[in-house]
Amino acid sequence: MHELPQLPYAFDALEPHIDAQTMQIHHDKHHATYVTKLNDALKDQPDLQKKSLEDLLRGINEVPETIRTAVKNHGGGHHNHSLFWQVMGPNGGGTPSGPLSDAIFQAFGDFRAFKEKLTNTATNLFGSGWGWLVARDGKLDVIGKPNQDSPLMDGATPLLGVDVWEHAYYLKYQNRRPDYLSAWWNTINWKDVEQRFQRARG
Ligand code: MN3
């Protein structure tokens, strides 16, 4: 059974950038529902139940067609949100250091160019989805994905993601997605993102 991870900080820990009520509904309702529905989809699939969430998503094309969409949406939703809570934290923001910083300079020119690329990708994503910094074949890239599709489904490793579904920002920012995004940069826990990059490099 997949389980809803605890939020690693209090609901109000990301104030004023992300409000406590949004965090509570987002974690306790939205994320919880993805976990419940993923478990529902897998209930008659003992072999798939044994797989880690990551393996399930990397191998999405081997999941039986009858439940593939459910696993994609709810498994993707579970994985994306589990990462999202960890790449944010109180007293976040600033810039990364170490090898991740070097790799960002190499891939995008400088931190500002990277920030602009991820912000633009997330701003311009039509409808619901996520903006991502991913590692693929040892290289960094910024991509947008619709719905709850995980970069794992493309063979990429997600390092940092921003949820631009309206449920992530509507209470505080209404239609102002760019304002939410500029506030979101102040919540990033770069230590966590740096560790993901180190693991992706192996
Ligand atoms: Mn969400």
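Donors are N, O and S atoms within 2.8 Å of the metal (3.2 Å for Na, K and Ca); water is not among the atoms, so sites may look incomplete. Under this rule, the donors of the manganese ion are spaced H-x54-H-x81-D-x3-H along the chain. The structure is a predicted model, in which local features need pLDDT of at least 70, side-chain atom pairs count only at pLDDT 80 or more, and totals for chains, interfaces and linings use all residues. Residues are numbered from 1 along each chain as its sequence is written, and side-chain values use heavy atoms, with hydrogens and water left out.

**The manganese site**

The ion is coordinated by H26 (NE2), H81 (NE2), D163 (OD) and H167 (NE2), at 1.9 to 2.1 Å. Among these, H81 in helix 4 and H167 in the loop between strand 3 (157-163) and helix 7 (170-173) link distant parts of the chain, being 86 residues apart. Helices (H or I, at least four residues) and strands (E, at least two) are DSSP runs, numbered from the N terminus.

**Two domains and their interface**

An automatic or database domain assignment supplies the domain bounds. The protein chain is divided as follows.

| Part | Residues | Residues in the contact |
|---|---|---|
| Domain 1 | 20-86 | 20 residues |
| Domain 2 | 98-201 | 26 residues |

Contact here means heavy atoms within 4.5 Å. The centres of the two domains, taken over C-alpha atoms, are separated by 20 Å. Between them, domain 1 and domain 2 bury about 1,900 Å², with 60% of it on carbon and sulfur atoms; buried area is the accessible area (1.4 Å probe) that two parts lose on being put together, summed over both. In domain 1, the most area is lost to domain 2 by N80, L83 and F84, together 31% of what that side buries.

Across this interface the rule finds zero salt bridges (a side-chain nitrogen of Lys or Arg within 4 Å of a carboxyl oxygen of Asp or Glu). On the side of domain 1 that touches domain 2, helix 1 (20-41), helix 3 (53-58) and helix 4 (65-86) each supply at least two residues. Helix 4 gives the most, with 10 residues.

**Backbone features**

Most residues other than glycine have a negative phi, and most peptide bonds are trans. E15 and P16 are joined by a cis peptide bond, with omega about 0 degrees; P16 is placed in the segment before helix 1. N91, a residue other than glycine, has a positive phi near 55 degrees and lies in the loop between helix 4 and helix 5 (98-108).
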